[in-house]
Amino acid sequence: MANMKEIAKLAGVSLGTVSHVLNGSATVREPLRKRVMDAVASAGYQPSQLARGLRRDKTNMIGMIIPDVTNPFFPAVVRGAEDVAFEHGYRLVLCNTDNDHAKEIVHMNELRTYLPSGLIVIPSSFSDLTAQAESFRRSGAAVVCVDRLPLNWNGDTVTADNEKGAYDATNYILRQGHKQLAMITGPRHLTNSTNRLKGFKRALAEKKIHLGPEYIQEANFDQHGGYAKTLLLLRMIPRPTVIFAGNDMIAFGALLAFREMGLHCPDDISLFGFDNLDLAEMTSPPLSSVSQPGYQMGTTAAQILMDRVRGDDGPPKHVVLDTAIKIRDSVGKPVTGDNVHTSRTPARAARVSRTGRKR
Ligand code: RIB
């Protein structure tokens, strides 16, 4: 591949002139500029970002660390961040932690050595990123945390209003007449999980509805957790008439458990999710869910980062984005009578629904 010296030779100009043209660091007369650009085109020259980064102690790379790109919530956040970064001439490098803090630390330490301009993190479980974030900041790179907040974090943040989303969803459920509710939260050490639980409890407390602690179960933010904890809840007496899932993946697991137990949603039991993934409208029945703006979380975080890169050294920013409930068909009126108190056998339940309808 051609280098700058060869371009200078080809164009018949000095190395300095080539550098001024390519970096825009000084005005160069049009005929000379054109000769340089023609030489660049004919040699197929691409400036090395690495060499440029080494000269400036900073590359145009933005690191992004997320829990797991196969969870359908996160790609929207990544896409939002990348779109803004790209517009500003920055490129995104993605790393997955699998919610493993040790892996997260490895990614943070290594990414820093590539001299990125900044880092966007959706923290893993149990994150304390203070030391790593400090070393990023010392090297002049900004760090923004998104969606979940690490321990002791004092930097920029972009989150959704998780508490309000859960509060609104619970109130909707209560308005349908449910009194025997259950919730399957995500991991309780994650701030978004605890805030969703707070919203759920606040709505219940306002209506003076008391739930035994066994009706609040904790799972990983995935389908397996939702499935296992739903089976457990379905064995409880009285059986919950509705389950509020800490995210849609948990809700998908719940739907699977309902199906296996021969229960029809919402005839026999209702369900509400959180995230409003695209898949939520494709389940049977389509899932009611709290929508949080994943794409906008990404664009907002990247915009804050771009501002920091360009010299904004104001106090930490904390952006909280709004949530909204999306009502579909998975919440009905509560089941009354004996069905609430007993778990039906899958065989019988498969034949007859609460309304007596054959299935
Ligand atoms: O589905 C992934 C969940 O974890 C989402 O609810 C999101 O808020 C994330 O933290």
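The ligand in this predicted model is surrounded by Asn 71, Phe 73, Phe 74, Asp 147, Arg 148, Asn 192, Arg 196, Phe 221, Asn 247, Asp 275 and Gln 292, a residue being counted if one of its heavy atoms lies within 4 Å of the molecule. By class, this shell holds 3 nonpolar, 4 polar and 4 charged residues; Ala, Val, Leu, Ile, Met, Phe, Trp, Tyr, Cys and Pro count as nonpolar, Asp, Glu, Lys and Arg as charged, and the others, Gly among them, as polar. Local features require pLDDT of at least 70 and side-chain atom pairs pLDDT 80 or more, whereas totals for chains, interfaces and linings use all residues. Residues are numbered from 1 along each chain as its sequence is written, and side-chain values use heavy atoms, with hydrogens and water left out.

Polar contacts, defined as pairs of N or O atoms within 3.5 Å, link side chains to oxygen atoms of the ligand. For Asn 71 the distance is 3.0 Å, and for Asn 247 it is 2.7 Å. An N or O atom in the side chain of Asp 275 lies 2.7 Å from a ligand oxygen. The protein covers 100% of the 280 Å² of accessible area that the ligand has on its own, as given by the Shrake-Rupley method with a 1.4 Å probe.

The domain assignment, automatic or from a database, divides the chain into domain 1 (4-47), domain 2 (57-154 + 294-322) and domain 3 (162-292 + 329-340). The centres of domain 1 and domain 2, taken over C-alpha atoms, are 35 Å apart. The ligand lies between domain 2 and domain 3, because both give residues to the shell around it.

Cavities and pockets were located on a 1 Å grid over the protein atoms alone: in a cavity a 1.4 Å probe fits but cannot get out, while a pocket is an open set with protein on both sides within 12 Å along at least five of seven lines, and lining residues have an atom within 4 Å of a point. The whole structure contains 1 cavity of 30 Å³ or more. The largest cavity encloses about 80 Å³, a volume being the space filled by probe spheres set on the grid points, which are joined across faces, edges and corners. The ligand takes up the space of this cavity, the criterion being that more than half of its atoms lie within 2 Å of the grid points.

The second largest pocket has a volume of about 300 Å³. Its lining comprises 17 residues, with Asp 68, Asn 71, Asn 99, Phe 221 and Asp 222 nearest the centre.

Key:
A polar contact is a pair of N or O atoms within 3.5 Å; within protein, one must be able to donate a hydrogen and the other to accept it, and residues adjacent in sequence count only if both atoms are side-chain atoms.
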